[in-house]
Amino acid sequence: MTLTTERHGATVERSDLTIERPAPALTTLPMAKAINEALRRVLVEDERVLVMGEDVGRLGGVFRVTDGLHAQFGDHRVMDTPLAESGIVGTAIGLAMRGYRPVVEIQFDGFVFPAFDQITTQLAKMRYRSAGRLGLPVVVRVPYGGGIGAIEHHSESPEVLFAHTAGLRVVSPSTPAQAYQMLRAAVACPDPVLYFEPKSRYWAKGGVDLDAPADPSILDTARVVRSGTDVTVVAYGPTVATALAAADAAADAGRSLEVVDLRTVSPLDVETLARSVRRTGRCVVVHEAPVLYGAGAEVAARVTEECFYSLQAPVLRVGGYHTPYPVAVLEHDWLPSVDRLLDAVETTMGF
């Protein structure tokens, strides 16, 4: 950078000066509160934004993610709905067609299936069907995943069912900062977005820049959260923390793991994945959903196609088993653990 200054009546140009810009002020928040702040911000910024769902109003949501929003914005902006997920999403579709930007909450992941037809048949296809003339800027918030000791139908990972459906964006944050930025970007997006919130990370705290401008590219790009040289570990949502814990443990054993947070399951940022795998030569994918036909299968296929001559071992996958989600006392044996992930790392290093 070149600065022009006055010295003894003469103009002096210097190109050796560096101006230190202050780091952004971060607010420490749990993920649930970061999502709450994102909703508050978009409600203030855009009068077309509406928040809808079961118990999201006066109660503030079953996880209190919408706490205080009804008191601030009233019945016409933050609305309690009947216990009818298909009706919630169908109403949001109609509102979006009239120019609103609804953000709907599905109270638990296992309750999204009654709305599956509306999401995959109408929400996903309307913009394509109208050749882009009709936008459906609807965000469907889905608390998902396990690790909280919940009862049946309250700990599912159905993200791949929606990622398979063309016309939907499917994203999942891993930290409070990512949750805040990604939700703001999702509300601004002209496409419908399935926003999967990892329930087990709701109370994990982190720094959030509440004044950062919304960045739409966050819905299209993965991020490298830890650099490494031996194996690329690909994760998203709740398993990013698992991958980072495994990387710490592997470092003690002399292994260097690079952790990539997908952020967006669909569309898939193949460029970032390929760049990492070409450098490490090995790849392990981890997610809570069952391995069979899971999102990791698509990652493995695309990485193999793009990095075939760089791979030194097959791409391995770690995830849930091909069974219904188990009862709470067994869920930690079912979910991918640090030990299972490290076993996969050692396997791929053995080729």
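Two strands count as paired here if DSSP finds at least two bridges between them. Keep that in mind as we walk through this structure, which is a predicted model.

Let's start with strand 4 and strand 6 (residues 101–105), which run parallel and are joined by 5 bridges. At one of the spots where they meet, Gly53 sits opposite Glu105 of strand 6. Zoom out and you'll see that these two strands belong to an open sheet of 7 strands, ordered 5-4-6-7-9-8-14, with mixed pairing. Strand 5 (78–80) and strand 14 (264–266) are the edge strands; each has a single partner, so one side of each has no neighbour in the sheet. Going from one strand to the next, the twist averages 20 degrees. As a reminder, strands of a sheet pair through backbone hydrogen bonds, in either the parallel or the antiparallel sense.

Now step off the end of strand 4 (49–53) and you land on Glu54, in the loop that leads to helix 2 (69–73). Glu54 is an odd one to look at: it is buried yet has no salt bridge. The nearest side chain of opposite charge belongs to Arg141, 11 Å away. Since a salt bridge needs a side-chain nitrogen of Lys or Arg within 4 Å of a carboxyl oxygen, that distance rules Arg141 out as a partner. So what does Glu54 touch, leaving out residues up to four places away in sequence? Its contacts include Asp80, Thr81, Pro82 and Leu83, as well as Glu105 and Gln107.

Next, the greasy parts. The largest nonpolar core has 42 residues, and the ones touching the most other members are Ile119, Leu123, Val140, Phe162, Leu194 and Val303. Helices and strands both feed into this core: helix 3 (85–97), helix 4 (116–123), helix 9 (270–280) and helix 10 (295–307) each give two or more residues, and so do strand 7 (139–144), strand 9 (193–198) and strand 15 (283–290). Take Leu194 as a way in: beyond its neighbours within four places in sequence, its contacts include Ile119, Val140 and Phe162, along with Leu168 and Val171. There is also a second, separate core of 36 residues, with Phe63, Phe73, Val187 and Cys189 among them.

Strand 15 has a pairing of its own to show: it runs parallel to strand 16, over 4 bridges. One of the matches is Val284 with Leu316 in strand 16. Strand 16 (residues 316–320) is mostly covered, with 4 of its 5 residues buried.

That leaves the charges that do pair up, in 19 salt bridges. In helix 1 (residues 31–45), Arg40 bonds with Glu37, their closest N and O atoms being 3.8 Å apart. The two are 3 residues apart, so about one helical turn separates them, and both are buried. A little further along, Asp46 and Arg48 meet at 2.8 Å, N to O. Asp46 counts as buried because its relative accessibility is 19%, whereas Arg48, at 41%, is partly exposed.

Asp248 and Arg226 form another salt bridge, at 2.5 Å from N to O. Asp248 is in helix 8 (residues 239–252) and Arg226 in strand 11 (residues 223–226), so this pair ties together parts that are 22 residues apart in sequence. Both partners are partly exposed, Asp248 at 44% and Arg226 at 26%. Finally, look for Arg127, Arg169, Asp191 and Asp220, which are joined into one network by salt bridges that share partners.

Note on methods: Residues numbered from 1 in each chain as written. Predicted model: local features only at pLDDT ≥ 70, side-chain atom pairs only at ≥ 80, totals over all residues. Heavy atoms only, no water. Buried < 20%, exposed > 50% of the residue type's maximum accessible area, 1.4 Å probe, protein only. Lys, Arg positive; Asp, Glu negative; His and termini not counted. Contact = heavy atoms within 4.5 Å. Axes fitted to C-alpha atoms, helices over the stretch in contact; angles between N-to-C directions. Core = buried A, V, L, I, M, F, W, Y, C linked by side-chain atoms within 4.5 Å.
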